Amino acid sequence: MLSIEKVIPFVQGRLQILPEGYLPKWLLFISVVSIFNSIQTYISGLTLTRKVYSKKPEETTKLSARTFGTWTFISCVIRLYGSLFLNEPHIYQLTMISYGVALFHFASELLLFKTCQFDAGFISPLIVASTSLIWMYNQVEYYTGFSWGF
């Protein structure tokens with residue numbers, strides 16, 4: 001059975017052998033921040049989620065906030081695995097895809113559904129997703145040993 005007594009030493013051990021470079025640290029940082037973002041959707045409800053969708057905040061419900069929190073947590077887990085196992089090509093791809101999905105979501109909310117606007121609530125996830133995608137695209141061969149033909 002999984003217990004906190006087993007998880008903590010495992011995580012501590014993995015942190016000591018993170019792949020070299022800043023990208024794994026960035027992915028780990030974003031994962032930790034995402035955990036808190038996920039939790040806040042369950043605790044504070046609509047307040048912060050409506051800041052992201054500030055052009056049409058009335059379309060954000062408690063259910064959509066919790067769904068967004070769950071989606072964020074799933075992305076967090078993928079990115080956490082990415083930070084720990086970045087040298088595995090499939091994990092690398094999956095981590096990168098998670099940022100692509102996030103960028104597509106936020107771009108569609110801005111351009112298609114028009115629920116977002118360029119403000120503090122929207123700019124942060126847009127910068128994180130686009131920066132991470134570009135960074136990962138440029139570093140794939142360094143971390144996996146494969147170019148984009150894999």
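This passage describes the aromatic contacts, a nonpolar surface patch and one unusual backbone angle in a predicted model.

A good place to start is the surface. Val32, Ile35, Phe36, Ile39, Tyr42, Ile43, Phe73, Val77 and Tyr81 together make a nonpolar patch of about 890 Å². Two elements, α2 (22-43) and α4 (62-84), each give two or more residues to this patch. Helix α2 supplies the largest share, with 6 residues. Among the members of the patch is Tyr42, which is found in helix α2. With a relative accessibility of 49%, Tyr42 counts as partly exposed, because the exposed class begins only over 50%.

Attention now turns to the aromatic rings. Across the whole structure, a search finds 10 aromatic pairs. One such pair joins Trp26 and Phe29, with ring centres 6.3 Å apart and planes at 40°, so the arrangement is tilted. Tilted is the label for angles that are neither under 30 degrees nor over 60. Both residues belong to helix α2, where a spacing of 3 residues, about one turn of the helix, separates Trp26 from Phe29. Trp26 has 22% relative accessibility and therefore counts as partly exposed, given that buried means under 20%.

A second pair, Tyr53 with Phe68, is edge-to-face, at 5.9 Å centre to centre and with 85° between the planes. Tyr53 sits in the loop between α3 (47-52) and α4, while Phe68 belongs to helix α4, so this contact ties together parts that are 15 residues apart in sequence. Tyr53 and Phe68 are both buried. These two residues also take part in a wider group: one aromatic cluster is formed by Tyr53, Phe68, Trp71, Phe106, Phe118 and Phe122.

Aromatic rings can also meet a charged side chain, as Tyr99 shows. Arg79 lies over the face of Tyr99, at 3.8 Å from the ring centre.

Finally, the backbone offers a detail that is easy to look up in the model. Lys114 has a positive phi of about 55°, although this residue is not a glycine. Lys114 is located in the loop between α5 (89-111) and α6 (120-144). The relative accessible area of Lys114 is 41%, so this residue is classed as partly exposed.

Conventions
Residues numbered from 1 in each chain as written. Predicted model: local features only at pLDDT ≥ 70, side-chain atom pairs only at ≥ 80, totals over all residues. Heavy atoms only, no water. Patch = residues over 30% accessible without salt bridge, like charges linked within 9 Å, V, L, I, M, F, W, Y side chains within 5 Å. Areas by Shrake-Rupley, 256 points an atom, 1.4 Å probe, with all protein chains shown as cover. Salt bridge = Lys/Arg side-chain N within 4 Å of Asp/Glu carboxyl O. Helix = DSSP H or I, 4+ residues; strand = E, 2+ residues; numbered from the N terminus. Buried < 20%, exposed > 50% of the residue type's maximum accessible area, 1.4 Å probe, protein only. Phe/Tyr/Trp six-rings, centres within 6.5 Å; stacked < 30°, edge-to-face > 60°. Lys NZ or Arg CZ within 6 Å of the ring centre and 35° of its normal.
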